[in-house]
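Reader: Could you take me closely through one part of this structure and then place that part in its wider setting? I would value a careful account that stays with what the model itself shows.

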Amino acid sequence: MWRSSASEHDWNAVFTEQLPRIYNYFCYRLHNEADIQELTSRTFEKAWRARHRYRRDLAGFGTWLLRIAHNVVIDHLRLARDYAPIEELAELPAEGGPEHEHEIASDVTRLRALIPTLPVRERELLALKYGAGANNREIANVTGLSESNVGTILHRTVQLLRDRW
Amino acid sequence: MSGQEENSMSAMDERSLYSLRRTPPEAFARQLRTSLQQQSAHSARRPMGGVVAVAVTCVVIAAAFGVPSVRAAATAFLDMFRVVNFAAVPMQSDALRKLSNSNLDLPHLLADQVQVLEKAAPPTSFATPAAAGASAGFHVYLPTWMPVGWDMQAPAVQVSGAGAVRVTASTARLQQILTSLDINDVSIPQGLDGQTATIHTSPAVVVRWQHGGQTLQLLQSPSPQVDFPAGTNLSALAEIGLRVLGLPREDAYNFAQSFDWRTTLLVPIPPNASSFRQVSVQGGSGLLIELTGRAVGEVMRPSALLLWSNGGKVFQLSGSLNPAELLEMAQTLQ
């Protein structure tokens with residue numbers, strides 16, 4: 001992992017491990033592929049330049065990186081004039097047969113339509129949980145919510161999505 | 001589709017919640033990795049930063065964009081510099097502190113060595129970019145796209161005149177700077193003392209747009225040209241400058257050897273820059289710098305600066321936009 005004094009070797013490993021997490025976190029927050037890539041780039045660049053400020057005793061590296069991504073997207077959305085619903089179905093990588101592809105595409109369509117209907121906080125928790133694959137403790141660390149509160153909000157959010165599905 | 005299939009597909013399960021996940025595009029991942037490795041390499045060559053880097057760059061840029069013209073005796077010079085590429089060098093706060101604590105009166109030290117051959121006239125306002133271009137003598141490029149809310153029409157336009165300054169090298173002054181900074185292991189090239197270089201600048205057009213208290217500014221000008229004696233060891237001079245900025249000896253040497261200083265402008269990245277990267281703008285080489293945003297009310301506005309060269313001209317686009325928007329805007333210049 002990338003230590004407080006990261007070496008080149010560590011950086012490569014960290015990048016390979018963390019890129020999908022950060023990229024997918026933004027996939028749940030943004031609709032535009034260019035924005036997703038831009039904010040992913042910005043997160044890693046900020047992290048690299050601030051690497052000397054990373055403290056292992058306060059948070060794991062992945063959590064620290066997510067916190068940067070969290071702030072990056074907040075800044076970005078503050079600037080954005082509107083939050084268009086997520087689109088770009090066609091870019092989804094398909095695995096399995098046609099039925100499986102169709103089923104996934106259906107899930108994507110529904111989820112993309114429903115996420116923008118959620119409050120910002122719930123969207124953020126979904127992105128951290130299902131985009132970045134963070135556990136509740138990490139999410140609590142990133143958002144400042146208590147771990148139990150994160151669990152409760154996520155449970156209610158998933159239930160709400162299930163009802164609206 | 002049967003009703004059973006419909007029900008099966010309608011049910012939301014855990015897998016559904018992960019359905020937006022996808023693999024980052026390979027090309028994107030590769031490009032980002034390369035960009036970060038480049039920053040990493042630059043960072044390893046630090047610590048950069050310092051007043052001299054700023055001063056050196058400011059001399060070039062200010063001379064490039066702010067000084068009126070004069071017909072210099074170009075025949076006295078046999079080699080020249082023009083901006084084609086940019087080399088970014090991150091500055092460190094501690095290096096800046098060291099320089100500022102050194103009690104060096106850099107403006108005075110430099111001013112004695114810089115002779116303004118003709119003082120710049122104040123910028124002149126024009127009603128339209130076309131009128132400004134007619135005065136400056138070149139076509140003024142304008143964006144065909146701006147972010148929502150910005151009005152491309154009726155910007156403020158100003159033109160600065162061409163100019164030239166002459167810089168005379170002084171090994172005594174240079175040694176004074178080095179000694180003040182406890183740099184005792186660099187060699188000043190022999191024969192440097194008394195040599196002169198002349199910086200020629202062309203007219204520059206500045207176009208400004210305003211929106212809700214924010215400003216966007218586009219500056220464009222033919223590249224400045226620096227004439228200097230043939231045989232000048234630019235790498236050695238660059239290495240000295242990099243040492244002054246705080247680079248360790250070996251790193252400064254390697255960095256100085258890495259660029260063609262006849263076509264590369266050294267750009268110190270200030271400590272308040274949160275990121276920077278090399279970019280291509282309409283086929284030209286560029287440098288995109290994201291600065292720490294400033295608060296406007298309760299909202300933190302992003303701020304960025306984009307430098308690039310293309311077709312013998314140098315462009316600078318800066319203002320309260322995020323880097324992606326700034327780059328997108330630059331790509332639409334016509």
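Author: In this predicted model, strand E8 of chain B, residues 204-211, pairs with strand E9 of chain B, residues 214-222, and the two run in the antiparallel sense over 7 bridges. Within that pairing, B:Gln210 of E8(B) stands opposite B:Thr215 of E9(B). The strands form a hairpin with 2 residues between them, and there B:Gly212 takes a positive phi near 55°.

E9(B) has a further partner in strand E15 of chain B, residues 313-319, to which it is joined by 7 bridges, again in an antiparallel arrangement. In this pairing B:Gln217 stands opposite B:Ser318 of E15(B).

The hairpin can also be followed into the interior through B:Val205. The largest nonpolar core has 49 residues, and B:Val205, B:Leu306, B:Leu326 and B:Ala330 are the members that touch the most others in it. Leaving aside residues up to four places away in sequence, B:Val205 touches B:Ala132, B:Gly133, B:Ala136, B:Val140, B:Val157, B:Val159 and B:Gln220. Apart from this core lies another one, of 40 residues, whose members include A:Leu19, A:Val108, A:Leu125 and A:Leu126.

As for the chain that carries the hairpin, chain B has 11 helices and 15 strands, and buried residues make up 36% of its 334 residues. Of the contacts in chain B with a separation of 6 or more, 76% are between residues 24 or more positions apart.

Chain A, by contrast, has 7 helices and 0 strands, so that, read from the N terminus on, its elements follow the order α-α-α-α-α-α-α. Of its 165 residues, 38% are buried, and among its contacts between residues at least 6 apart in sequence, 62% join residues at least 24 apart.

The separate core leads into helix H5 of chain A, residues 120-131, because A:Leu125 and A:Leu126, which are among the members of that core, are also among the buried residues of H5(A). The buried set in this helix comprises A:Glu124, A:Leu125, A:Leu126, A:Ala127, A:Leu128, A:Lys129, A:Tyr130 and A:Gly131. After H5(A) comes A:Gly133, with a positive phi near 70°.

Helix H6 of chain A, residues 136-143, is largely enclosed by the rest of the structure, because 6 of its 8 residues are buried. The buried residues are A:Asn136, A:Glu138, A:Ile139, A:Ala140, A:Asn141 and A:Val142. Just after H6(A), A:Gly144 takes a positive phi of about 85°.

How do the axes of H6(A) and helix H7 of chain A cross? The axes of H6(A) and H7(A), the latter covering residues 147-164, come within 8 Å and cross at roughly 105°. Because angles of 65 to 115 degrees count as roughly perpendicular, H6(A) is roughly perpendicular to H7(A). On the side of H6(A) the contact involves A:Asn136, A:Arg137, A:Ile139 and A:Ala140, which meet A:Glu147, A:Val150 and A:Gly151 of H7(A). Sorted by character, the residues of this contact comprise 3 nonpolar, 2 polar and 2 charged. A:Asn136, A:Ile139 and A:Ala140 therefore appear both among the buried residues of H6(A) and in the contact with H7(A).

Technical notes
Residues are numbered from 1 along each chain as its sequence is written. Chains are lettered from A and ligands numbered from 1 in the order in which they are written. This is a predicted model: local features need pLDDT of at least 70, side-chain atom pairs count only at pLDDT 80 or more; totals for chains, interfaces and linings use all residues. A residue is buried if 20 or more other C-beta atoms lie within 10 Å of its own, exposed if 12 or fewer, and partly exposed in between; C-beta atoms are placed from the backbone. Helices (H or I, at least four residues) and strands (E, at least two) are DSSP runs, numbered from the N terminus. Two strands pair if DSSP finds at least two bridges between them. Two residues are in contact if their C-beta atoms, placed from the backbone, lie within 7 Å. A nonpolar core is a set of buried Ala, Val, Leu, Ile, Met, Phe, Trp, Tyr and Cys residues joined through C-beta atoms within 7 Å. Axes are lines fitted to C-alpha atoms, for helices over the stretch in contact, and angles run from 0 to 180 degrees between N-to-C directions. Angles under 35 degrees count as roughly parallel, over 145 as roughly antiparallel, 65 to 115 as roughly perpendicular and the rest as oblique. Ala, Val, Leu, Ile, Met, Phe, Trp, Tyr, Cys and Pro count as nonpolar, Asp, Glu, Lys and Arg as charged, and the others, Gly among them, as polar.
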